[in-house]
Amino acid sequence: MPHALSWHVLPGQRLQYRQWEQEAVLFNDLSGDTHLLDADALALLLAVRGGARDVAALRLALGVPDEDQDANGALQALLEQLASIALIEQRA
């Protein structure tokens, strides 16, 4: 039986960040880039690091209701955005 894909912080990524009210600056250990993240992106990233790996667990950790399709779409888009800047990845 194949395993479902889940989200993980890339190995070697320490997630060094400084946060102010609604934004944070995060250093990408792997690329050397610095990213400006909003509070939602940082909360999602920290939830992935904290062990919430599948979308259902991430919704629960972030308080996103299952039936809120707009929020679920935004969550998926944010996961893909964090993956595109090499902070997280999907794997089995």
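Is H35 buried or exposed? Select H35 and find out. This is a predicted model, so read each stop on the tour as a feature of that prediction.

**Stop 1: H35**

H35 sits in strand β4, which covers residues 34–38. Its relative accessibility is 12%, under the 20% cut-off, so H35 counts as buried. Now show what surrounds H35. Beyond its neighbours within four places in sequence, H35 is in contact with A24, V25, L26, N28, I85 and L87.

**Stop 2: A24**

Step from H35 to A24, one of those contacts. A24 belongs to strand β3, residues 23–27. A24 has a relative accessible area of 1% and is therefore buried. Display its contacts outside the four-place window: R18, Q19, H35, L36, L37 and L42. Then draw a C-alpha to C-alpha distance from A24 to D38. The two residues are 14 apart in sequence and 6.2 Å apart in space.

**Stop 3: D38 and the start of α1**

Stay on D38. Here D38 caps the N-terminal end of helix α1. Look for a side-chain oxygen of D38 at 3.2 Å from the backbone nitrogen of D40.

Now select α1 itself, residues 39–49. Colour its buried residues: A39, A41, L42, L44, L45, A47 and V48. L42 has already appeared on this tour, as a contact of A24. Follow the chain just past α1 to G51, which takes a positive phi of about 115°.

**Stop 4: α1 against α2**

Add helix α2, residues 55–62. The axes of α1 and α2 come within 10 Å and cross at roughly 120°. The two helices are therefore oblique to each other. Their crossing is right-handed.

Which residues of α1 and α2 meet? From α1, show A43, L44, A47 and V48. From α2, show L58, A61 and L62. The residues of this contact divide into seven nonpolar, no polar and no charged.

**Stop 5: α1 against α3**

Keep α1 and bring in helix α3, residues 69–84. At what angle do α1 and α3 pack? The angle is about 75°, with the axes 10 Å apart. That makes α1 roughly perpendicular to α3.

Select D40, A41, L44, L45 and V48 on the α1 side. They meet L75, L78, L79 and L82 of α3. This contact divides into eight nonpolar residues, no polar and one charged.

Pause on L44 and V48. Both are in the α1 set that meets α2, and both are in the α1 set that meets α3. Both are also listed among the buried residues of α1. D40 is worth a second look too: its backbone nitrogen takes part in the cap from D38, and D40 belongs to the α1 set that meets α3.

**Stop 6: two positive phi angles**

Most residues other than glycine have a negative phi. The last two selections go the other way.

Go to L15, in the loop between β1 (6–9) and β2 (16–20). L15 is not a glycine, yet its phi is positive, about 55°. With a relative accessibility of 3%, L15 counts as buried.

Finish at A86, in the loop between α3 and β5 (88–91). A86 has a positive phi of about 60°, although A86 is not a glycine either. How accessible is A86? Its relative accessibility is 30%, so A86 counts as partly exposed.

Note on methods:
Residues numbered from 1 in each chain as written. Predicted model: local features only at pLDDT ≥ 70, side-chain atom pairs only at ≥ 80, totals over all residues. Heavy atoms only, no water. Axes fitted to C-alpha atoms, helices over the stretch in contact; angles between N-to-C directions. Helix = DSSP H or I, 4+ residues; strand = E, 2+ residues; numbered from the N terminus. Parallel < 35°, antiparallel > 145°, perpendicular 65-115°, else oblique. Left-handed = near helix turned anticlockwise from the far one by under 90°. Contact = heavy atoms within 4.5 Å. Nonpolar A, V, L, I, M, F, W, Y, C, P; charged D, E, K, R; others polar. Buried < 20%, exposed > 50% of the residue type's maximum accessible area, 1.4 Å probe, protein only. Polar contact = N/O pair within 3.5 Å; in protein donor to acceptor, adjacent residues only side chain to side chain.
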